[in-house]
Amino acid sequence: MSRRNARVPHRETRVSTGAGVRRATWGALRARRPAVTRLVGWSVVEALPALLSGALVARAVDAGFLAGRLNVGLGWLGLLAGAVLIGAVATGRTYRSLGAVVEPFRDDLAGRVVRAALRDATRVGGRADTASAARLTHQVELVRDTFAGLLMVTRGFLFAAGAALLGLVALDPVMAALVAAPLVVGLAVFLAALPAMAGQQRRYVRAGEELGRAAATALSGHRDVRACGATERVVADVGRRVADQAAAERTLARMSAVRSLSLGLGGWLPLAVLLLAAPWLVDRGLTAGAVLGALIYVSTGLQPALHALVQGLGGGGLRYVVTLDRILRTCPDDEPDPPPAAPSAAPSDQPADGPPSARDASPAAPRDASPAAARIHRLTFRYGAAARPVLADVTLTLPPGEHLAVVGASGAGKSTLAALLSGLLVPQAGTVLLGGVPVATAPPAALARLRVLVPQEAYVFTGSLADNLRYLRPEADDDTVAAAVEVLGARTLVARLGGLGGTVTPDAISAGERQLLAAVRAYLSPAPLVILDEATCHLDPAAEATVEDAFARRPGTLVVIAHRISSAVRARRVLVVDGERPVTGTHEELLGLSATYRELVGHWTDHPTPAPQH
């Protein structure tokens, strides 16, 4: 796989599944009490047909049809029809109230996933977790849908079954007891099986995440896989993930038998009990209409409500609990950033004899008491435990106001050095200090205040030009932004885009224009250290000179990963990345001391850079 994609395990917070899900669920309901109150109110009205159906049918039969009074019977049924219409209106209102509860909860979860993904990707040594896409596009939507279904089936069972039981008690308490006993048994069987079903659902969710992660890794590194002849091995690994997910899904399907048993005991057995007990009930003085009303309560109230509850909890409810638990574990939202490390005394540089080198890259001038802008001490980094070090035992000090150009052959480690200096990579040995603050322990917010890195592939987002330029300094006023635009030579581009209020469409501007906008954004940043990692490679030489000169005059320290000799000539010092031990000096010094630098200068002179996109 590509060495830049070396995997950093995603951190998972260990919390109790039930406690975490309960807190999140009750928190979502408490936060939307008015909407929940409306939902409960309309649910009461919606349950009106379930409460009245059996009693009205019993009256229609006993006082109407069996008594030979057809109009009276039809009148009671007309009342039932009116109750059904009122319940239908209330049903529509419940869905409106449901949306007011569910949609904000979904938005909260989406924000939680995005914040956690950004926090993990921007911490020192972090990287984007490929499972985050599955959480955002699949798991959050699954939680939204199942949460809505769970609310509907739960409140439906509570109100519909409660109304039916109240109606049965009104008809005859003994008959209500005969119905309630098997109902309770069916519910008990189902609830006892829920933990096992939740475990299987959890296995299924994890299998899906592992499959997504394995597939993303294989696809992102497919060229390396083919080059190494590892196609069969990678295909077999992804195949195992597919088989694991299929096995988990089959197990879930088999557990549907438990739901069927619960429905049989709690939904169908009460009907059988009523029919078998009907002669005895009539002998006790119960009317035929009352027996029929009881059957109506069970068949149109209790049985559908129990069916919806069992299917909802056994399917969507389990998916809700397990998926929400997965989001809460992998996307903790209450994890505070560690406090910024206090500036510490930087280790002294090792003196070295012979030509200037990165082992003693500090200027000859004596140091003052203030910390260096950046200091690398005895740094070693390799991509993989058995790989050759890209950098070994490197020491480098950048005083405030330094202008350093980093040069070297392709693949020599220039961008690796930039990533280590900015905290995007973690060294195997050594320390990196920015303004006296250890990069390894600094939270992302602290690093953002210390340095800004502009990569080769400049990023701009769809939105206003002002938002793009002020991204790192939102409080900058128009005059400050306009001054930065002017000094970096971006006035023509800004005018063409419609000024600061114009809209930026990334696909509609060239790579060079994106680099220029990213340069203005970095220039406005309050960070004292700017790292340009071939950030002007798509600009023409004149525009590149304007950008680098502007950053050189900007208060602070500048590091340029150079791709043209002109960048090295403009710099105060040049660092040649040549193998494990970089060499440093001025342009003139390195022409006499470094064969690698002379070769690079000759290459740049003999092969001018092609016309850029600008």
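1. In this predicted model, helix α11, which spans residues 414-422, lies across the three strands β1, β2 and β4, and the helix runs at about 120 degrees to β1.

2. The strands beneath this description belong to an open sheet of 4 strands, arranged in the order β2-β1-β4-β5, in which the pairing is antiparallel. Strands β2 and β5 (437-438) stand at the edges, and each has a single partner strand, so one side of each is left without a neighbour in the sheet. When following individual residues along these strands, it helps to recall that in a regular strand the side chains alternate between the two faces of the sheet.

3. At one end of the order, strand β1 (residues 374-381) and β2 run antiparallel and are joined by 5 bridges. A reader who wishes to find this pairing in the structure can start from I376, whose bridge partner in β2 is L396. Although β2 stands at an edge of the sheet, this strand, covering residues 391-398, is mostly covered, with 8 of its 8 residues buried.

4. At the other end, strand β4 (residues 429-434) pairs with β5 in the antiparallel sense, and 2 bridges connect them. Here the residue to look for is L434, which has V437 of β5 as its bridge partner.

5. A separate point concerns the packing of two helices, α14 (residues 478-487) and α16 (residues 511-524), whose axes come within 10 Å and cross at roughly 125 degrees. Angles from 65 to 115 degrees would count as roughly perpendicular and those over 145 as roughly antiparallel, and the value found here therefore makes α14 oblique to α16. The crossing in which α14 passes α16 is right-handed. On the α14 side the contact is made by T480, V481, A484, V485 and V487, while α16 contributes V520, Y523 and L524. By character, the residues of this contact between α14 and α16 divide into 7 nonpolar and 1 polar, with no charged residue.

6. For the protein as a whole, the secondary structure comes to 20 helices and 12 strands, and buried residues make up 46% of the 614 residues. Considering the contacts with a separation of 6 or more, 78% are accounted for by residues that stand 24 or more positions apart.

Definitions and conventions: Residues are numbered from 1 along each chain as its sequence is written. This is a predicted model: local features need pLDDT of at least 70, side-chain atom pairs count only at pLDDT 80 or more; totals for chains, interfaces and linings use all residues. Side-chain values use heavy atoms; hydrogens and water are left out. Buried means under 20% relative accessible area, exposed over 50%, partly exposed in between (1.4 Å probe, protein chains only). Two strands pair if DSSP finds at least two bridges between them. Axes are lines fitted to C-alpha atoms, for helices over the stretch in contact, and angles run from 0 to 180 degrees between N-to-C directions. Angles under 35 degrees count as roughly parallel, over 145 as roughly antiparallel, 65 to 115 as roughly perpendicular and the rest as oblique. A crossing is left-handed if the near helix is turned anticlockwise from the far one by less than a right angle, and right-handed if clockwise. Contact means heavy atoms within 4.5 Å. Ala, Val, Leu, Ile, Met, Phe, Trp, Tyr, Cys and Pro count as nonpolar, Asp, Glu, Lys and Arg as charged, and the others, Gly among them, as polar.
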